[in-house]
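Dear colleague,

I am passing on the structure below for your records. My notes on side-chain packing and helix contacts follow it.

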Amino acid sequence: MDFNVNELLNSLSYTLDFVEKDLISDVTNHGRRVAYIAARIGQKINLSNTELFDLISYSLLHDNGVTKALIQMDGTENYKKAELNRMHCLEGEKNIDFFPFFHKIPNVILYHHEHYDGSGFFGISGKEIPMFSRIIALADSVAIYFSEGRKPADIEARVQKFPIFDQIFIDVFLELSRNIEFWLNMDDNFVFQALRIVTPTVHREFSYQEMRTVSRIFSNIIDAKSPFTGSHSRGISEKTGILCDYYEFDRETYWKMRIAADLHDLGKLMIPNEILDKPGTLDANEIAVIQSHPFYTRKTLEEITGFEEIADWAANHHEKLNGKGYPYGFDGNRLDFHSRLLCCVDIYQALTENRPYRPAMPHSRAIALMRNMSEHGLIDASIVEDIDSIFESACATA
């Protein structure tokens, strides 16, 4: 499949901005703004198209480890403190291990908070820090200062005040800063289009199996958003794969289903944690917010050419055969077997894992509830029985 990697990265990285907006409410479009600034610097130093694409990719993903770092900090720290902890660099570097860069450069994410004078997290300095890390470090600070409402002259003064950035890239930034369009393009209304313009159009041949390396990155980010969903997407993807083999799906469909399972809760990155992790009963407004997440999943994935079926299967995982699911109210006439399968696996996985409002259920109890749902015309009875027969023995020996 000839994938437009721009579509893939832009669509999926869009959700990371919502994670940051949830964790630190006065920041929007941070990842895209960092990528835009880094790309403008990259253009000035004459990076090739593939190098520029990689720089933009690293920039968009530079803070992908923040959610995992917050969970490992037991939720006792806020986003800004996680940013000041090297754990998010460690987690972020591990998470992008399989991303299909043109030129993979070790430790770009790991060292994106290193200082040129050696005063960063890991104590490396100067040219020991990867060039992309040095560019992203400067772009990150400029983007933060901009989000704080600081004027260009103040930002220029700040980046020159301390010896923590590479002077070569400071000089490039100061040259860019002289033109007002550079700053106007960073406005929330324009930064997405500005980034699209500076991003080289890149098409690459990938199989769906290879594309899953990207979906796994975002699956990890989704699961890291809440301590109660630490392995939810991974568990669903593994069980979906087992069932796909059981039903003897062809290999392309198998990998499409694995990707759909990885990304089915992508829209939850846009839901505030105070609602996701609420231990008590949700009110009507909070329920409506929760029920919006499959809609966001669809809107994100349907922008990617070649993901049409994946978007449909992933976004239908809360629909019911009687038309009383959400967010679209599709009924059995609209829900194909793949959508029904992912719905059932999602329910089974959710019932058998701990949630803020209840402990995990044993296999037998989960199947009993799912049979009750099938009897009331909500989910596919045949799939429920297959899940019972396939996973009963695995649970008994676990």
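In this predicted model, Tyr 348 has a relative accessibility of 2%, and because the limit for a buried residue is under 20%, Tyr 348 counts as buried. Phe 391 is buried as well, at a relative accessible area of 6%. Tyr 348 and Phe 391 form a stacked aromatic pair, with 5.8 Å from centre to centre and 20° between the planes. This pair joins distant parts of the chain: Tyr 348 belongs to helix 19, Phe 391 belongs to helix 21 (residues 381-397), and the two are 43 residues apart. Phe 391 also has a charged neighbour, since Lys 239 lies over the face of its ring, at 6.0 Å from the ring centre. A further charge placed over a ring is that of Arg 158, whose charged end sits 5.4 Å from the centre of the Tyr 145 ring.

The count of aromatic pairs comes to 20. Among them, Phe 173 and Phe 182 have ring centres 6.2 Å apart and planes at 65°; planes over 60 degrees apart count as edge-to-face, so this pair is edge-to-face. Phe 173 is buried at a relative accessible area of 0%, and for Phe 182 the value is likewise 0%, which makes that residue buried. Both residues belong to one aromatic cluster, together with Tyr 36, Phe 146 and Trp 183.

Turning to the helices, helix 12 (residues 208-224) packs with helix 13 (residues 232-246) at an angle of about 140°, and their axes are 7 Å apart. Angles over 145 degrees would count as roughly antiparallel, so helix 12 is instead described as oblique to helix 13. On the side of helix 12, the contact is made by Arg 212, Ser 219, Ile 222 and Asp 223; helix 13 contributes His 232, Ser 233, Arg 234 and Ser 237. Sorted by class, this contact of helix 12 with helix 13 holds one nonpolar, four polar and three charged residues.

Helix 12 appears again in the surroundings of helix 18 (residues 308-315). Helix 18 is mostly covered, with six of its eight residues buried. Those buried residues are Ile 310, Ala 311, Asp 312, Trp 313, Ala 314 and Ala 315. They pack against helix 12, helix 14 (251-263), helix 17 (293-301) and helix 19 (337-351). Helix 19 is also the helix that holds Tyr 348 of the stacked pair described above.

With kind regards

Note on methods:
Residues numbered from 1 in each chain as written. Predicted model: local features only at pLDDT ≥ 70, side-chain atom pairs only at ≥ 80, totals over all residues. Heavy atoms only, no water. Axes fitted to C-alpha atoms, helices over the stretch in contact; angles between N-to-C directions. Helix = DSSP H or I, 4+ residues; strand = E, 2+ residues; numbered from the N terminus. Parallel < 35°, antiparallel > 145°, perpendicular 65-115°, else oblique. Contact = heavy atoms within 4.5 Å. Nonpolar A, V, L, I, M, F, W, Y, C, P; charged D, E, K, R; others polar. Buried < 20%, exposed > 50% of the residue type's maximum accessible area, 1.4 Å probe, protein only. Phe/Tyr/Trp six-rings, centres within 6.5 Å; stacked < 30°, edge-to-face > 60°. Lys NZ or Arg CZ within 6 Å of the ring centre and 35° of its normal.
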